[in-house]
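Good morning, colleagues. Please take a moment to look at the sequence and the structure on the screen before I begin.

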Amino acid sequence: MQQNFTQEDVILYIYNELDPEKRKSVELAIATNPELLTFFQESMLLVHQLGQIADEPANTVIHILNEESRSNSLEMH
């Protein structure tokens, strides 16, 4: 019986969220279905690019924010 796999299955495969038996079936589907292969390759590229996003502000930004907060501090009367 031929099982149809979706893009969701490929995403679960990429993030290692499939049980080992289904994982082998998805690998075979990716290898034999050009559409799933293309989706897999594009998804892997995106995962790689997401990993390269700087999720911390640059030191310059932190310095500017600290200076700004010091110059605008509230004064107690």
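**Overall form and one helix pair**

From the N terminus on, the elements of this chain run α-α-α-α. Put as a count, the chain holds four helices and zero strands. I should state at once that this is a predicted model.

Let me turn to the overall dimensions. The C-alpha trace spans about 80 × 25 × 15 Å along its principal axes. The radius of gyration of the chain is 23 Å, whereas a compact globule of 77 residues would have a value near 11 Å. How much of the chain is buried? Buried residues account for 16% of the 77 residues. The accessible surface amounts to about 6,800 Å², and carbon and sulfur atoms contribute 55% of that area.

As for contacts along the sequence, consider those with a separation of 6 or more: 44% of them join residues 24 or more positions apart.

I now come to the pair formed by helix 1 and helix 2. Two packed helices are described by the angle between their axes and by the distance between those axes. Here, helix 1 covers residues 7-14 and helix 2 covers residues 20-32; their axes come within 10 Å and cross at roughly 115°. The crossing of helix 1 past helix 2 is left-handed.

Which residues meet at this contact? From helix 1 there are Asp9, Val10 and Tyr13, and they meet Lys22, Arg23, Val26, Glu27 and Ile30 of helix 2. By class, the residues of this contact comprise four nonpolar and four charged, with no polar ones.

Note on methods. Residues numbered from 1 in each chain as written. Predicted model: local features only at pLDDT ≥ 70, side-chain atom pairs only at ≥ 80, totals over all residues. Heavy atoms only, no water. Axes fitted to C-alpha atoms, helices over the stretch in contact; angles between N-to-C directions. Helix = DSSP H or I, 4+ residues; strand = E, 2+ residues; numbered from the N terminus. Left-handed = near helix turned anticlockwise from the far one by under 90°. Contact = heavy atoms within 4.5 Å. Nonpolar A, V, L, I, M, F, W, Y, C, P; charged D, E, K, R; others polar. Rg over C-alpha atoms; globule rule 2.2 N^0.38 Å. Buried < 20%, exposed > 50% of the residue type's maximum accessible area, 1.4 Å probe, protein only. Areas by Shrake-Rupley, 256 points an atom, 1.4 Å probe, with all protein chains shown as cover.
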